[in-house]
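Visitor: Please show me the model, and let me ask how its labels are justified.

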Amino acid sequence: MQTIDNYNFAGKKAFVRVDFNVPLDENFNITDDTRIRAALPTLKKILKDGGSIIIGSHLGRPKGPTDKFSLKHITGHVSELLGVDVQFANDCMSEEAAVKAAALQPGEVLVLENLRFYAEEEGKPRGLADDATDEEKAAAKKAVKESQKEFTKKLASYADCYVNDAFGTAHRAHASTALIAQYFDVNNKMFGYLMEKEVTAVNKVLNDIKRPFTAIMGGSKVSSKIEIIENLMDKVDNLIITGGMTFTFEKAMGGQIGLSLCEEDKLDLALDLMKKAKEKGVNLVLATDARIADKFSNDANVKLAESNEIPDGWQGLDIGPKSEVLFAKVINESKTILWNGPAGVFEFDKFAEGSKAIGLAVAEATKNGAFSLVGGGDSVACVNKFGLADQVSYVSTGGGALLEAIEGKKLPGIAAIEE
Ligand code: AMP
């Protein structure tokens with residue numbers, strides 16, 4: 001497989017798919033440029049070699065062209081970070097885009113307008129009437145799939161090589177994230193540095209496991225984590241289930257959970273997961289105590305209770321100190337750690353203690369030689385909140401992509417390069 005390090009971009013035009021889907025305020029200022037910074041090593045390597053770059057990305061979920069989701073708002077910042085003038089083509093399929101791409105000289109960069117202004121990027125029909133018949137839906141789908149080929153081919157025609165550095169969208173078989181790769185031979189398509197790091201990190205927790213392996217699964221709902229929990233059951237030694245999910249398990253075992261979060265229709269499933277863990281010899285660890293609140297608020301009155309003895313009118317919003325010690329012991333004895341999802345409502349300072357304790361334990365284990373991967377939505381916000389991001393082995397930029405990879409699914413964006 002071609003790698004970015006081994007590739008000499010001198011005189012080449014590279015189509016680089018990045019994830020510049022950054023948050024913007026109402027004046028179109030970037031409020032968090034992490035994703036842009038994450039792509040810089042790849043972009044800089046290409047420029048340093050003497051190559052030129054055509055940047056493709058999406059921004060938001062537009063239904064068609066709209067100023068709100070225009071990538072022109074971020075071009076200036078990319079320019080600043082790269083230290084070169086960055087050009088912009090305000091329609092990724094236009095003659096202007098083709099001409100500007102063709103004219104790129106070594107060291108030059110062109111940002112294409114939001115690829116998702118075209119339905120072909122995602123390959124999903126748009127503008128279907130609510131009462132569209134199945135036939136109409138099928139015909140619209142077929143039409144967009146047809147035009148998607150031309151769209152993809154045109155994007156590919158701008159460049160000599162393809163670099164995918166957008167891990168966040170690697171689980172989507174979109175035109176620019178996967179389909180485009182077929183227009184480049186194996187020697188001219190590769191992962192960018194960010195993507196390489198993500199793939200390596202995922203492989204470490206899936207295929208190169210140092211034991212004991214502990215997964216910490218937190219967050220609010222069992223239903224959204226089921227597949228990953230089931231998949232991990234075949235791999236982990238310890239499975240810490242925490243956050244709001246705890247109470248569905250407690251209720252299933254006959255505990256009193258007051259007003260705590262609970263998915264009534266998942267009680268059997270919780271019991272089933274516990275049974276499976278037992279059969280597979282997995283140590284399933286649940287919190288024993290909780291910080292409980294009399295309302296869902298940072299101003300709530302707080303007290304401690306056993307996780308299965310929460311009084312009426314109260315709800316568990318964080319794990320308690322006994323559970324912090326219990327979890328920390330398991331984490332500290334681990335050699336591979338995967339952390340997805342907080343232990344409590346960490347957005348409220350009063351209920352951030354449990355997640356912080358987990359973060360500190362993961363950092364401590366990492367210091368002692370464990371490999372720790374933190375990722376998926378809120379866990380990243382969590383390690384950032386506690387200033388622990390540089391004390392774990394790897395913080396993934398992928399939400400859905402990371403979870404699907406860990407579920408054991410082959411991600412289209414990865415497969416398109418590897419195959
Ligand atoms: P998820 O998106 O499923 O990873 O869930 C993350 C969210 O779960 C965060 O916004 C937390 O505030 C929330 N959460 C964690 N623990 C609890 C809890 N005990 N009760 C209610 N929400 C929780």
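Guide: What follows is a set of questions about a predicted model.

Visitor: What makes the overall dimensions of the protein chain agree with those of a compact globule?

Guide: The chain has 419 residues, and a compact globule of that length would have a radius of gyration near 22 Å. The value for the protein chain is 24 Å, which agrees. Its C-alpha atoms fill a box of roughly 70 × 55 × 45 Å along the principal axes. Within the chain there are 14 helices and 17 strands.

Visitor: Why are β10 and β17 called edge strands?

Guide: The sheet in question is open, with 6 strands in the order β10-β8-β7-β15-β16-β17 and parallel pairing. β10 (283–286) and β17 (394–395) each have a single partner strand, so one side of each is left without a neighbour in the sheet.

Visitor: How do you know that β15 and β16 are paired?

Guide: Pairing requires at least two bridges. Strand β15 (residues 336–340) and strand β16 (residues 371–374) are joined by 4 bridges and run parallel, so the criterion of at least two is met. Leu 338 stands opposite Leu 373 in β16.

Visitor: Which helix packs on β15, β16 and β17?

Guide: Helix α12 (residues 378–385) touches those three strands, and its direction makes about 105° with that of β15. Another helix, α8 (residues 245–252), lies across β7 (213–217), β8 (238–241) and β10, at about 100° to β8.

Visitor: What makes the sheet with the order β12-β11-β14 an antiparallel one?

Guide: The pairing in this open sheet of 3 strands is antiparallel. β12 (302–306) and β14 (315–319) are its edge strands, since each pairs on one side only. From one strand to the next, the twist averages 45°. Between β11 (residues 289–293) and β14 there are 4 bridges, and Arg 291 stands opposite Asp 318 in β14. Helix α11 (residues 353–367) packs on this sheet, where it touches β11 and β14 and makes an angle of about 25° with the direction of β14.

Visitor: How do you know that Ser 220, Gly 244 and Glu 347 have polar contacts with the ligand?

Guide: The cut-off is a pair of N or O atoms within 3.5 Å. For Ser 220, a backbone N or O atom lies 3.1 Å from an oxygen atom of the ligand. A polar backbone atom of Gly 244 is 3.2 Å from a ligand nitrogen atom. In Glu 347, an N or O atom of the side chain is 2.5 Å from an oxygen atom of the ligand. Each pair therefore falls within the 3.5 Å cut-off. Taken alone the ligand exposes 500 Å², and the protein buries 81% of that.

Visitor: How many residues surround the ligand, and which are the closest?

Guide: There are 13 surrounding residues, and the closest are Ser 220, Lys 225, Gly 316, Glu 347 and Asp 378.

Visitor: Why is the peptide bond between Arg 211 and Pro 212 called cis?

Guide: Omega for that bond is about 0°, and the bond is cis. Most peptide bonds are trans. Pro 212 lies in the loop between α6 (193–206) and β7.

Visitor: What is notable about phi at Phe 28?

Guide: Phe 28 has a positive phi, about 65°, although it is not a glycine. Most residues other than glycine have a negative phi. Phe 28 is found in the loop between β1 (13–17) and α1 (34–49).

Definitions and conventions:
Residues numbered from 1 in each chain as written. Predicted model: local features only at pLDDT ≥ 70, side-chain atom pairs only at ≥ 80, totals over all residues. Heavy atoms only, no water. Helix = DSSP H or I, 4+ residues; strand = E, 2+ residues; numbered from the N terminus. Axes fitted to C-alpha atoms, helices over the stretch in contact; angles between N-to-C directions. Contact = heavy atoms within 4.5 Å. Near = heavy atom within 4 Å. Polar contact = N/O pair within 3.5 Å; in protein donor to acceptor, adjacent residues only side chain to side chain. Areas by Shrake-Rupley, 256 points an atom, 1.4 Å probe, with all protein chains shown as cover. Rg over C-alpha atoms; globule rule 2.2 N^0.38 Å.
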